[in-house]
Amino acid sequence: GWSGRGGQTRNPYLLDRSPCGSSSGSGASIAANLAAVAVGTETDGSIVCPSSICGLVGIKPTLGLVSRSGIIPISHSQDTAGPMTRTVADAAILLTALVGADAKDSATKTAKIEKDYTQFLQKDGLKGARIGVARDYFGRSETVDKLMNDALDAMKNAGAILIDVTFPTLRQFGDAEYEVLLFEFKADLNQYLAQRGGKYRTLADLIKFNEENREKEMPYFGQEIFIQAEAKNDLEDRAYRLALLQSKVLTQDKGIDAVIKKDNLDAIVAPSNSPTWMIDLVNGDCGSNYISSSSLAAAAGYPNITVPAGILRELPIGISFFGGAFTEAKLIKYAYAFEQITKARRTPKFLATAQ
């Protein structure tokens, strides 16, 4: 939530708490009713996390469903824009406007696009759906587990068939994903900056700028990731190609696709988050048994939708629906049905008081 230009973004539910990131402003502003909808961008969690932590619906689409043109890049194999809204209906409307082929983005050429995602806003959408429950993300917080189990009961009562699942490769792809991000960040950012034709044309230029403006840009944080990325070679490097292959195989073939095929599932659900942490500019983020289920779908390039599931100690908790490539239509159907039967979202207290 930190920006050298704008300062620290805060969570509108409790102002001393983090709004998560990196689409922090998008999450906080929509939760605070400063706008109707926002477009966030995600590499890993940057739509899902601020959406869930700020009590919103967030859709991280399949890679290629929405054009990546104009997005300041981190990783072309994971980056995507997506809706951040207060309701599933608003998210479906915005997604319909965002999708489409782009001659400048080759990933959009093979995308399976629906003309109108609002047609999947079905109140009985969970009836007969086979939903995998990702138990790997349970057991870290008793209160989050209880809230999630209540959410699962609501889904079951709406006609969903729930099957417990686990992901054997869940903790095996993190290092490969990070290696990919470092390589692609340098290559993609250098290309983006060169096309802009501005004063700063490379990652090395940005590193130098940050050092020269350390008091404004880095009063609390360093630029270690910038420096690590700058040290990488180009995308022909064998280490990059192996890491990319490993990341995709472990999250796609041996990950989401394998689990869905094994039990003939339509989608998978998991807690999106636990209560957010306090903003601490001295010690940094505290772990507090934090729960995040975004990485699997993010690294795979597959869709993920988070929907408000409840409130714990004044802080929002979301539930994520994710699945195979280009299954946004089904996920919207399940997310909408869940939203309608639970009505779990609550506005921030300061807004409720003002109204």
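The buried residues of helix 6 are covered by elements that include helix 5, helix 7 (214-217) and helix 8 (224-230), where contact means heavy atoms within 4.5 Å. Helices (H or I, at least four residues) and strands (E, at least two) are DSSP runs, numbered from the N terminus. The model is predicted: local features need pLDDT of at least 70 and side-chain atom pairs count only at pLDDT 80 or more, whereas totals for chains, interfaces and linings use all residues. Residues are numbered from 1 along each chain as its sequence is written, and side-chain values use heavy atoms, with hydrogens and water left out.

In helix 6 (residues 203-212), the buried residues (under 20% relative accessible area, with exposed over 50% and partly exposed in between; 1.4 Å probe, protein chains only) are Leu203, Ile207 and Asn210. Viewed down the helix axis, these buried residues fall within an arc of 65°, so they line one face of helix 6; the arc is that of the directions from the helix axis to the C-beta atoms.

Helix 5 (residues 174-196) contains Glu177. Glu177 is buried yet has no salt bridge, defined as a side-chain nitrogen of Lys or Arg within 4 Å of a carboxyl oxygen of Asp or Glu. The nearest side chain of opposite charge is that of Lys248, 8.0 Å away; Lys and Arg count as positive and Asp and Glu as negative, while His and the chain ends are not counted. Residues up to four places away in sequence aside, Glu177 touches Asp44, Gln78, Ser247 and Ala299.

An open sheet of eight strands follows the order 3-5-4-9-10-8-6-7, with mixed pairing; two strands pair if DSSP finds at least two bridges between them. Strand 3 (37-42) and strand 7 (161-165) stand at the edges with a single partner strand each, so one side of each lacks a neighbour in the sheet. On average, neighbouring strands are turned by 30° against each other, direction ignored.

Within this sheet, strand 6 (residues 130-134) and strand 8 (residues 267-271) run parallel and are joined by three bridges, with Gly132 partnered by Ile268 of strand 8. Helix 11 (residues 328-342) packs on the sheet, touching strand 4, strand 6, strand 8, strand 9 and strand 10 (315-322). The direction of helix 11 makes about 15° with that of strand 9; axes are lines fitted to C-alpha atoms, for helices over the stretch in contact, and angles run from 0 to 180 degrees between N-to-C directions.

Strand 4 (residues 57-60) is covered on both faces, with Val57 and Ile59 buried on one side and Gly58 and Lys60 on the other. Three bridges join strand 4 to the antiparallel strand 9 (residues 304-312), in which Asn304 stands opposite Lys60.
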